[in-house]
Amino acid sequence: MTANSPQLWQQVIDKVRTWARLNSIWAVHFNSGSCNGCDIEILATLTPRYDVERLGVKLYGSPRHADVLIVTGPVTRQARERLIRTYEQMPEPKFVVSVGSCSISGGVFDGCYNVGGSVDEVIPVDVYIPGCPPRPEAIIDGIIQLLKDLQGGKPRSAVRPNVAAELPS
Amino acid sequence: MNIEQTLQTAEKILAPWNKDTLRPESNRMDMVVQTDELRAATNALHDAHWGYLSAITGLDLGVESGQLEALYHFCSGPVVVSLRVRVPRENTYLPSIADILPPATFFERELSETLGFKIEGLDESDRLFIPDDWPSDVYPLRSDFAVEQAAPVSGSRIDEIPEQGMLTGNTFVIPIGPQHPALKEPGHFQFTVDGEIVTGAKMRLGYAHRGIEKAAESRSWYQNLYLFERVCGICSHTHAMAYCMGVEKLAQVEAPPRAHAIRELVAGLERIHSHLLWLGVAAHEAGFDTLFMYSWRDRETVMNLLEQVTGNRVNYSANVLGGVKCEVGPEQAAKIKEGLDYLETRIRHYLEVVTTDAMFLNRTRGIGTITAAEAEKFGLLGPTARASGLMRDIRIEAPYGAYVRYPVSLVTRTNGDLEARCEVRLEELLVSCFAIRAILDNMPEGPLTARMPRKIPAGETIARVEAPRGELLYFIKSNGGETPARIHVRTPSLCNWVSVLEKAVGRQLADVPMLIAGMDPCFSCNDRVVTVLRTDKKEAWSWKQLREYGIEYYRR
């Protein structure tokens with residue numbers, strides 16, 4: 001392989017990209033019907049006591065600029081389509097963190113008429129953080145696991161359903 | 001006026017329409033009223049200035065009886081008078097009372113969507129709680145409802161932005177939600193603006209509507225405690241407390257005094273956490289992120305105290321039916337006092353900041369002013385009402401549990417603007433700190449729990465407690481079984497929404513974020529049932545843009 005080969009350039013660019021991504025995770029938060037418990041704990045991780053910004057994590061308002069989608073709550077019927085839409089609006093590569101028991105299994109709301117179930121039935125999930133709600137330390141641990149996976153170049157989950165097909169045209 | 005006199009006054013006012021009077025509890029009176037006389041009875045109560053409409057509960061009396069029932073709960077101090085109207089299932093027509101009492105708007109909507117009451121003049125194409133793809137003749141709270149009936153139907157969604165955001169001339173629709181970065185909760189608003197001025201406001205809830213009231217009917221009394229704790233993660237203790245108090249009343253079990261004291265203690269700590277959280281969010285909306293970070297830093301102090309007492313930071317699970325499960329020993333009492341010392345100094349500092357900081361005052365003073373008369377008319381509750389000079393606080397009007405022994409003082413302001421709401425909330429924290437100290441100094445000795453039966457005797461009860469956002473009302477009905485027959489929850493945010501929708505009209509668009517934050521909305525409470533602005537069309541603004549616009553507007 002010569003210094004001019006396109007593969008080498010690609011490798012170098014990929015390395016720089018991974019380095020940059022690891023140090024500046026931008027997250028968008030979506031509440032798909034949670035009780036607020038997880039949401040206030042996510043906010044608490046951003047504020048001075050836990051301060052995830054020291055890891056380069058920033059909560060950002062627009063899904064179009066985000067790397068990570070943080071989802072809390074069981075997926076309600078009204079929020080389902082919005083969740084898919086928010087996910088679709090994010091640029092590749094994108095990662096999903098599912099926070100709290102309800103988002104993992106429906107939790108205490110399992111069986112309610114307006115609850116569709118877990119987040120991973122709607123969009124692919126990379127990291128699960130259990131707890132009702134998880135402590136900020138657990139949320140930070142989940143983020144670190146995501147970062148470690150990215151560092152090791154772990155491939156994304158193979159099945160990436162084309163969820164956009166479910167959106168009404 | 002004592003309870004008996006208040007009840008007699010109500011009975012006298014309602015005498016012409018009263019078909020039957022029941023006295024289920026010493027502070028309650030149920031009156032059976034005919035459908036076509038409901039408006040006249042409501043008018044009479046309204047004209048006599050007797051109490052306020054606190055909630056409307058819908059009941060399905062079962063397929064066999066072929067009837068539905070609506071209960072209009074009017075409250076005055078500790079007294080609750082319920083007008084009971086029965087309608088046949090085939091003809092569920094009810095007259096609307098929203099023109100007499102505006103707060104009924106949301107309650108009637110809930111009745112129509114969840115139980116299928118046909119309210120006169122209500123546009124049923126426009127939904128507030130249940131999903132847009134819900135079939136039109138299926139009502140989740142009916143006793144014969146099965147989930148299979150609710151297969152999604154296709155149709156347009158309310159949060160779909162019109163292809164042409166521009167309506168006529170300079171009028172735009174600005175959609176906000178359901179995902180927005182500021183509030184961490186889902187909802188949808190549409191503000192119509194003419195240039196800078198908001199000319200119309202519309203709201204869609206239901207993104208966090210999970211169907212808790214229905215689920216409660218299939219779970220045991222004990223399981224439901226954990227379900228109702230998760231109606232809202234911010235005020236979970238008050239929800240559990242209201243539920244426990246109601247069930248204890250039905251079972252005629254009195255929780256021990258020590259349990260009541262610990263309940264009030266945790267409720268006080270929860271109020272501190274909730275209001276500090278609110279202060280941070282409101283400061284963020286105003287572009288004052290320094291205050292946001294400081295108040296959330298100090299909030300961690302009270303989170304530590306809550307964790308130390310109950311073992312959890314959020315969803316504390318301090319209550320059990322018949323008492324509490326956590327003990328507060330002398331060591332913990334000392335730690336709590338130490339924490340309160342620090343918090344009190346900080347709260348005094350914040351009180352000074354919100355009343356003297358010129359930039360913050362620019363965003364709060366004289367904005368969203370609600371007069372006492374308006375607050376009364378809209379049926380506002382909690383700090384939002386108290387900032388307008390309305391003396392509305394269940395802890396003082398109808399003391400429950402330990403509030404009889406450790407009373408709190410009423411905090412009110414008369415300006416009714418956003419500044420007054422900041423002051424009321426912060427001053428309430430000082431009152432809460434004072435009450436917590438009183439409890440710690442005079443903690444009654446004794447057991448933590450009383451024995452509760454597994455089956456709760458048949459009956460109906462109403463439990464009212466003061467949540468951080470205002471009066472929380474639980475209506476609990478038991479048929480004598482191991483599961484409840486019906487539990488209806490009316491949360492304070494539902495009553496306070498009117499303050500945003502009414503006050504936004506005619507104001508600058510830049511004030512909208514602060515108006516929403518000013519009432520301290522809690523969507524998951526409402527929704528048991530807020531907003532992403534889509535940025536892909538040039539007419540649509542994101543919440544962030546709107547917030548930045550607001551900050552920029554006031555910088556000039």
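## Helix H1 of chain B

In helix H1 of chain B, five residues are named as buried: B:Thr6, B:Leu7, B:Ala10, B:Ile13 and B:Leu14. Buried means under 20% relative accessible area, exposed means over 50%, and partly exposed lies in between (1.4 Å probe, protein chains only). Seen down the axis of H1(B), the buried residues fall within an arc of 120°, so they line one face of the helix. The arc is taken from the directions that run from the helix axis to the C-beta atoms.

That face has partners in chain B. The buried residues of H1(B) pack against strand E2 (28–32), helix H2 (38–47), strand E4 (67–76) and strand E5 (79–88). Contact here means heavy atoms within 4.5 Å. H1(B) covers residues 3–14, twelve residues. From first C-alpha to last it reaches 17 Å, close to the 16 Å expected at 1.5 Å a residue. The expected span is 1.5 Å times one less than the number of residues. At the start of H1(B), a side-chain oxygen of B:Asn2 comes to within 3.1 Å of the backbone nitrogen of B:Glu4.

## About the model

This is a predicted model: local features need pLDDT of at least 70, side-chain atom pairs count only at pLDDT 80 or more, and totals for chains, interfaces and linings use all residues. Residues are numbered from 1 along each chain as its sequence is written, chains are lettered from A and ligands numbered from 1 in the order in which they are written, and side-chain values use heavy atoms, with hydrogens and water left out.

Helices (H or I, at least four residues) and strands (E, at least two) are DSSP runs, numbered from the N terminus.

## A three-stranded sheet

Chain B holds an open sheet of three strands in the order E13-E14-E15, with antiparallel pairing. Strands pair if DSSP finds at least two bridges between them. Strand E13 (459–467) and strand E15 (484–490) stand at the edges, each with a single partner strand, so one side of each is left without a neighbour in the sheet. Neighbouring strands of this sheet are turned by 15° against each other on average, direction ignored.

E13(B) and strand E14 (residues 470–478) of chain B pair over nine bridges, in the antiparallel sense. B:Thr461 has its bridge partner in E14(B), namely B:Ile476.

Two helices of chain B lie across E13, E14 and E15. Helix H6 (residues 236–251) does so at about 150° to E13(B). Helix H15 (residues 492–504) does so at about 135° to E14(B). Axes are lines fitted to C-alpha atoms, for helices over the stretch in contact, and angles run from 0 to 180 degrees between N-to-C directions.

## Two buried polar residues

B:Thr57 sits in strand E3 (residues 52–60) of chain B. B:Thr57 is buried, with a relative accessible area of 0%. Its side chain makes a polar contact of 3.0 Å with the side chain of B:His488. A polar contact is a pair of N or O atoms within 3.5 Å; within protein, one must be able to donate a hydrogen and the other to accept it, and residues adjacent in sequence count only if both atoms are side-chain atoms. Leaving aside neighbours within four places in sequence, B:Thr57 also has contacts that include B:Glu69, B:His73 and B:Phe475. B:Leu111 is 54 residues from B:Thr57 in sequence, yet 7.6 Å away in space, C-alpha to C-alpha.

B:Asp298 belongs to helix H8 (residues 289–310) of chain B. B:Asp298 is buried, with a relative accessible area of 1%. A polar contact of 2.7 Å joins its side chain to that of B:Tyr342. Not counting residues up to four places away in sequence, B:Asp298 touches B:Leu276, B:Tyr342, B:Leu343, B:Arg346 and B:Tyr350.

## Helix H7 of chain B

Helix H7 (residues 257–285) of chain B has 29 residues. Its end C-alpha atoms are 42 Å apart, which agrees with the 42 Å expected at 1.5 Å a residue. Of the 29 residues, 28 are buried, so H7(B) is largely enclosed by the rest of the structure. B:Gly287 follows H7(B), with a positive phi near 85°.

## Backbone details in loops

B:His49 lies in the loop between H2 and E3 of chain B. Its phi is near 55°, a positive value in a residue other than glycine. B:His49 is exposed, with a relative accessible area of 70%.

B:Ser317 lies in the loop between H8 and strand E11 (319–320) of chain B. Its phi is also positive, near 60°. B:Ser317 is buried, at 12% relative accessible area. In chain A, a cis peptide bond joins A:Cys132 and A:Pro133, with omega about -10°. A:Pro133 is in the loop between strand E7 (127–129) and helix H5 (136–151) of chain A.
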